[in-house]
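Hi,

Here is the structure I said I would pass on. Have a look at it first, then read my notes underneath.

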Amino acid sequence: MKKFSFAPEKDMDVIAVGRIAIDLNPNEIHRTLDKVNTFTKYVGGSPANIAVGLARLGKKVGFIGKVSDDAFGKYVTDYFIEKGIDVSHVTPSSDGEVLGLTFTEISSPTESRILMYREGVADLALAPEDVSEDYIKRAKFLLISGTALAASPSREACFLAMTYAKKHDTKVIFDIDYRSYTWKSNAEISVYYSLAGQRSDILMGSREEFELMEMLDKDNDIPDYCLADNYLFQGNQIVIIKHGKKGSLAYSRDRKAYKVGSFSVKLLKSFGGGDAYASAFLYGILEGWELAPSLEFAAASAARVVASHSCSDAMSTAEEITRFIADSNEAGTVTQEIPWNQSIEGGRSCR
């Protein structure tokens with residue numbers, strides 16, 4: 001894999017754009033939400049969790065986003081400051097928008113759900129005038145979350161941020177991060193996801209998210225490597241397609257492919273692992289690692305978070321992840337190089 005290189009004046013590692021929210025995770029687990037009485041409050045939202053994960057790993061992180069102009073907005077901003085995340089471009093909303101709330105349900109050791117409140121949320125009020133060209137050009141990577149593309153003016157702000165990134169050789173990571181709330185149609189999803197995917201340098205998402213991006217039927221038989229090949233041809237250097245418990249496929253522009261398994265842990269919840277995966281993977285890329293160790297590191301970080309009650313608070317240090325891998329009987333077997341034309345379902349020609 002060709003490693004990313006950056007100009008010496010880039011003094012920030014990653015700037016994330018998009019959703020900062022509040023997670024309310026149940027204290028009484030293995031119950032449905034109607035039977036839960038108390039919750040613990042955490043900072044949430046996929047790009048926020050990824051930013052926290054990267055900061056926990058020692059990277060210099062910034063954020064572009066909107067928060068509510070109230071005590072909850074202060075709570076998430078103070079949390080970022082405490083974690084060492086630059087909040088100079090996190091601003092309060094001006095028209096009464098609120099922070100999104102995510103109630104999580106841990107109904108059994110293998111089942112969990114998410115209930116999101118996304119009406120009139122501050123993060124989707126991010127506007128083009130909130131995006132600073134001078135700020136973005138300082139970063140090595142710009143992380144765009146797909147949820148931020150769900151409505152205006154946030155989607156225009158994201159595309160402007162990507163334009164500035166391309167102008168100043170800031171690499172773009174597009175995390176598809178699909179949430180059904182706010183989107184109006186599958187056609188709208190496909191339009192904005194595919195436009196962002198064509199402008200990114202690293203593209204990651206679940207198989208279902210790629211199918212939404214390409215407007216594919218659920219019973220399609222298009223292999224992962226064909227989906228990846230399309231976006232590698234558009235300019236991406238790395239495409240990662242996730243399959244939940246089955247693992248992931250990672251494809252690079254130099255025609256290398258890797259199958260990524262998972263570490264065995266006692267599962268507490270099924271959410272949050274993707275954010276830990278993304279932050280740890282980007283840490284590996286920023287450290288100049290090859291794909292295989294970056295992916296193993298990502299899988300280990302994800303395993304630690306799905307075994308924990310929180311997402312943001314459970315993000316690991318590099319030392320903790322390294323120790324977890326060393327202590328695991330699966331170390332060295334999670335990631336393996338595979339033939340390019342192989343996916344979890346098996347291979348066939350793209351043409």
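Below is what turned up, starting with one strand and moving on to the cores and cysteines.

Keep in mind that this is a predicted model. A good place to start is strand S2, which covers residues 21-26. How many of its six residues are buried? Six of the six, so to speak a full house. Follow the side chains along S2 and you'll find two sets: Ala21, Asp23 and Asn25 point one way, while Ile22, Leu24 and Pro26 point the other way. Residues in both sets are buried.

S2 also has strands to pair with. With strand S3 (residues 39-44) the pairing is antiparallel and takes six bridges; to find your way, look for Ala21, which sits opposite Gly44 of S3. Strand S6 (residues 100-106) runs parallel to S2, and four bridges join them. There, Asp23 has Thr102 in S6 as its bridge partner.

Now for the nonpolar cores. In soluble globular proteins, nonpolar side chains tend to be buried together. Here the largest core has 61 residues, and Ile20, Phe63, Phe80, Ile202, Phe281 and Leu295 are the ones with the most contacts inside it. A second core, separate from that one, has 45 residues, including Val131, Ile189, Ala228 and Tyr251.

Last, the cysteines. A disulfide is a covalent bond between the sulfur atoms of two cysteines. This structure holds zero of them. Cys158 counts as buried because its relative accessible area, 0%, is under 20%. Cys311 is buried too, at 3% relative accessibility.

Have fun clicking through it!

Definitions and conventions. Residues are numbered from 1 along each chain as its sequence is written. This is a predicted model: local features need pLDDT of at least 70, side-chain atom pairs count only at pLDDT 80 or more; totals for chains, interfaces and linings use all residues. Side-chain values use heavy atoms; hydrogens and water are left out. Buried means under 20% relative accessible area, exposed over 50%, partly exposed in between (1.4 Å probe, protein chains only). Two strands pair if DSSP finds at least two bridges between them. A disulfide is a pair of cysteine sulfur atoms within 2.5 Å. A nonpolar core is a set of buried Ala, Val, Leu, Ile, Met, Phe, Trp, Tyr and Cys residues joined through side-chain atoms within 4.5 Å.
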